[in-house]
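Subject: Structure handover

Hello,

Here is the structure you will be working with. Please open it beside this message and follow along as you read.

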Amino acid sequence: MAAGGVRWGILATGGIAAAFTADLVGLPEAEVVAVASRTPASAAAFAERFRIPRAYGDRAALAADEDVDVVYVATPHSAHRAAAGLCLEAGRNVLCEKPFTLNLREAEELVALARGRGRFLMEAMWMYCNPLVRRLRRLVEDGAIGEVRTVQADFGLAGPFPPAHRLRDPLQGGGALLDLGVYPVSFAQLLLGEPSQVEAHAVLSAEGVDLQTGALLAWDHGALASVHCSVVCGTGATASVTGARGRIDVPGGFFHPDRFVLHRDGRDPEEFAADPADGPRTTFRHEAREVMRALRAGETESPLVPLDGTLAVMRTLDAIRDRIGVRYPGDAPEEDPAPGLVPA
């Protein structure tokens, strides 16, 4: 890595890539040096918009650019395995958007590749890097509400999304679960770890993807989590964590909160608000800074978004898909969708 700022490459030029890059260019410790898209015209337009010096019309050229320290992969998740794998094979470090991959098999392949080559790899689960979410987790770990008994979280969009939309397309890993449900599942596992049992039900579209899914996750020590996601109804996107001696409520947008309320038995509620100095709640700067901190420290994984945790979430998502009967063309026919997990 160069002595100056961390040099970033951006792989893909869609909305999430633009939002991330807009935050990245405002960080003095970051330098965006290259972008790649499926077409030279799209890459050139993106490069002009953000004043990026090099634009490539294919992924391989970006992956081969030795001036790039880390690549942000922002393709549709159906292409994450191929795009991130290409970059890792070429020796690049990678920040890969969520959901990490289509399934556990693909996720394990990427993790094995990164670890085998000594490259940094992290899922772009910005929620885990959010300062207020980190504060909530510390409160729970410090016993502020006692032993956690239940977690509830939901994320739904009203749509309607036409059949041609990516959220309805099996070829693109469509459905509510991977695109939205990854947040409630990740929130529950941030606080409780990987569940031992999974039960789930869903309403499927004519294309075979889930329009809405509800899942009950269970842990051997007695905790339960109820998670819901939808692409046919706009939910409050709220979360709640209840323990033996209290509760924490997170209002709308729990995955990038601006506040939460701690209720402790026998005490007045306490509100915890985001620090204005941390920037807007929608900022991607926290995860970008975590990547750059880890790279400077010579780390190949982030303690905030560890790869084993990413694999555990993918195991749960596979288990839910198994229960609701959703399969994608990228799933191996012989694949066990939920090793180690049994129905509740």
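Below is what was found in it, one topic at a time.

Please keep in mind that this is a predicted model.

The parallel sheet

Six strands form an open sheet, in the order 3-2-1-4-5-6, and their pairing is parallel. Its edges are strand 3 (54–56) and strand 6 (121–124), each of which pairs on one side only. On average, neighbouring strands of this sheet are turned by 25° against each other, direction ignored. Helix 9 (residues 285–296) packs on the sheet and touches strand 1, strand 2, strand 4 (70–73), strand 5 (93–97) and strand 6. The direction of helix 9 makes about 130° with that of strand 1.

For a single pair to look at, take strand 1 (residues 6–11) and strand 2 (residues 30–36), which pair in the parallel sense over six bridges. Val6 has Ala30 in strand 2 as its bridge partner. As background, strands of a sheet pair through backbone hydrogen bonds, either parallel or antiparallel.

An antiparallel pair

Strand 8 (residues 197–204) and strand 9 run antiparallel and are joined by eight bridges. Ala202 stands opposite Thr213 in strand 9. The two strands form a hairpin with five residues between them, and Gly208 in this hairpin takes a positive phi near 95°.

Phe187 and its surroundings

Phe187 lies in helix 8 (residues 176–192). Is this residue buried or exposed? Phe187 has a relative accessible area of 1%, and because anything under 20% counts as buried, Phe187 is buried. Which residues does Phe187 touch, leaving aside its neighbours within four places in sequence? They are Met127, Leu136, Val151, Ala153, Ala239, Val241 and Phe254. One of these contacts, Val151, is 36 residues away along the chain, yet the C-alpha atoms of Phe187 and Val151 are separated by 8.5 Å.

The cavity

Rolling a probe the size of a water molecule over the atoms shows where empty space is left. How many cavities of 30 Å³ or more are there? The count is one, and the largest cavity has a volume of about 40 Å³. The residues lining the largest cavity are Leu177, Gly181, Pro184, Val185, Thr213, Ala215, Val227, His228, Cys229 and Ile320. Helix 8, strand 9 (210–218) and strand 10 (224–230) are the elements that give two or more residues to this lining. Helix 8 gives the most, with four residues. By type, the lining has seven nonpolar residues, three polar ones and no charged ones. Thr213 thus appears twice in this message: in the lining and opposite Ala202.

Backbone details to check

There are two cis peptide bonds to look at, each leading into a proline.
- Lys98 to Pro99 has omega near -15°; Pro99 is in the loop between strand 5 and helix 5 (104–117).
- Gly159 to Pro160 has omega of about -5°; Pro160 is in the loop between strand 7 (148–156) and helix 8.

Two alanines have a positive phi although they are not glycines.
- Ala12 has a phi of about 110° and sits in the loop between strand 1 and helix 1 (15–24). At 12% relative accessibility, Ala12 counts as buried.
- Ala237 has a phi of about 50° and is found in the loop between strand 10 and strand 11 (239–243). Ala237 also counts as buried, at 9% relative accessibility.

Regards

Notes:
Residues numbered from 1 in each chain as written. Predicted model: local features only at pLDDT ≥ 70, side-chain atom pairs only at ≥ 80, totals over all residues. Heavy atoms only, no water. Buried < 20%, exposed > 50% of the residue type's maximum accessible area, 1.4 Å probe, protein only. Contact = heavy atoms within 4.5 Å. 1 Å grid on protein atoms, 1.4 Å probe; cavity = no way out; pocket = protein on both sides within 12 Å on 5 of 7 lines; lining within 4 Å. Points joined across faces, edges and corners; volume = space filled by probe spheres on them. Nonpolar A, V, L, I, M, F, W, Y, C, P; charged D, E, K, R; others polar. Pairing = 2+ DSSP bridges. Axes fitted to C-alpha atoms, helices over the stretch in contact; angles between N-to-C directions.
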